[in-house]
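Student: I'm new to this structure and would like a close look at one part of it. Could you take me through the sheet and what packs around it?

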Amino acid sequence: MCLDHPEYRLDRRQLLAGLASGAALAGTSACVATNAASGRDSFTGFRSIKDDIAEGRQNHPKILKSFGGAYGDPRLAGYVTKIGLELAKQTEYQQYPYRFTILNTQIVNAFALPGGYVYITRGLLALASSEAELAGVLSHELAHVTARHGAERRTAQQVAQLGLLLGAVGLRAAGLPSDLMQVGQTVALAAIKGYSREHEFEADTLGIRYMSRAGYNADAMASFLGSLREHSKVEARVLGLPPGKVDEFNIMSTHPRTVERVRQAQRASAQGRGTGRRGADLYLNKIDGMMFGDDPKQGVVRGQRFIHPVLRFEFEAPPGFRLRNSPTRVQGRHASGAAMIFDMAPGKGARTARDYLRNVWAAKARLRNVESLVIDGRDAATGWLEGRGESGAVNLRVLAIRRDHGNFYRFMYISPAEQARRWAKPFRASGQSFRHISAATAAGVLAKRLLVVTARPDDNIAGLARTLPYGRFNEDWFRVLNDLAPNQAIGAKQRLKVVAE
């Protein structure tokens, strides 16, 4: 969590312009052209390849801000770029200035901007187990670029409103300001918004073509998709989501594909019949030592605690909550349906925390029982209100804590209305756990690292998984990291990914 991250929203003028241009384009045959990669006519409006490149260049800095910046390991970045450029040579469009970036986030995803800007997250690199799997992901994203799916999607969409409700519970509380209720359509979310079934199948088909031409075993595209699905199941349990449910940033949400569809694409391409290189050992050597999980510069989750060593504070989530950090906020979920969000926002001239609650954050809401507090020696205030969630009535407890002259730390706690009494004390205790940490404590918060080791005869999964940061889900996560089925044992001298500080 960076806490200084701006949102990128479509303003009213841009929205109206988009509607007007969409209406003007409707039925215009001059907008249809044959795509050199897909071989089909594609409707891309009046957008040229130069327009694609300009859009990618303009939005690249915004993507970096949205996903924690680029991962600062030149050796690994060079490795990914080398593979990406070799794959790009196999494409039909050589006029794109292809650029490959590792994003410094544990989120497991990959996506591309128009114009040849391709992104892969540090979290996805940790999950992959061979160079061929990495090549499959990069090839798929290159295919979205060369088939110009982004241009087609934007032309077909007159308005795209994601309406992500704080990444939590679909909140619709009358009178609440938009920044309290939902995240607007950020550039980052627009970039990774799921493609259509047809686009995904086409990207798989073209991606298999590119990786096969580059000499990779195309079976890796399907095998890695299986790993991604297993990861999604485990992560859903870790985050307290229903089985099979994934958050909006997860690759299985933004790339809705099945193993059978990838196999179908492989058959349709008539390429990649199980031949070609995989490069497992080379790949494991390259990711050995890579950061795993949260980057301490953005704050880290340690069980029920969130610690920010740079801003030097920490707090605890209510019992049973699972926390998830992102560049803009920390989110927590409980299996009962309760949720929490922590972030920071400007005070907009508010003199006190009470003033901020009543006149800035929830100025138009019916905020009840507003109470002034002192938390960790800081001016604070809390209150509650009622709202509507996806499953019915909810209660919201809001808490603002003065950070400095111009900014406030903010907590929002949400529970189904019938559970309000159950969560009253845990929510209050969580907010009051906010406290400053010493320089020595901050210095002791270290990044976790992914290490590649060779299994010894006395190794077991429980022992090797104990340093993962997922508590009772450590063994599940370890199996996903190492492509181990639920009852599969460690192989003799098998190379394994483990996590250490």
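Tutor: Sure, and one definition helps before we start: two strands count as paired if DSSP finds at least two bridges between them. Keep in mind, too, that this is a predicted model.

With that in hand, find alanine 380, which stands opposite isoleucine 401 in strand 15. Strand 14 covers residues 378-389, and strand 14 pairs with strand 15 in the antiparallel sense over 10 bridges. The two form a hairpin, with two residues between them.

Now step back to the whole sheet. It's an open sheet of seven strands with antiparallel pairing, and the order is 10-11-12-16-15-14-13. Strand 10 (322-325) and strand 13 (368-375) are at the edges, each with a single partner strand, so one side of each has no neighbour in the sheet. On average, neighbouring strands here are turned by 20° against each other, direction ignored.

Let's walk in from the strand 13 edge. Strand 13 runs antiparallel to strand 14, and six bridges join them. Here you can spot glutamate 371 opposite threonine 382 of strand 14. Past strand 14 comes strand 15, in the order given for the sheet. Strand 15 (392-402) is mostly covered, with nine of its 11 residues buried. On its way to strand 16, the chain makes another hairpin, this time through four residues. Strand 15 and strand 16 run antiparallel and are joined by nine bridges. To see one of those pairings, look for asparagine 395, whose bridge partner in strand 16 is serine 415.

As you follow any of these strands, here's a handy rule: in a regular strand, side chains alternate between the two faces of the sheet.

Next, the helices. Helix 14 (residues 353-361) packs on the sheet and touches strand 12 (339-346), strand 13, strand 14, strand 15 and strand 16 (407-416). The direction of helix 14 makes about 30° with that of strand 14. Helix 15 (residues 420-432) lies across strand 12, strand 13, strand 14, strand 15 and strand 16 as well, running at about 160° to strand 16.

So, to retrace the route: begin at strand 13 on the edge, cross the six bridges to strand 14, take the hairpin into strand 15, and then the next hairpin into strand 16. After that, look for helix 14 packing on the sheet and helix 15 lying across strands that include strand 15 and strand 16.

Conventions: Residues are numbered from 1 along each chain as its sequence is written. This is a predicted model: local features need pLDDT of at least 70, side-chain atom pairs count only at pLDDT 80 or more; totals for chains, interfaces and linings use all residues. Side-chain values use heavy atoms; hydrogens and water are left out. Axes are lines fitted to C-alpha atoms, for helices over the stretch in contact, and angles run from 0 to 180 degrees between N-to-C directions. Contact means heavy atoms within 4.5 Å. Buried means under 20% relative accessible area, exposed over 50%, partly exposed in between (1.4 Å probe, protein chains only).
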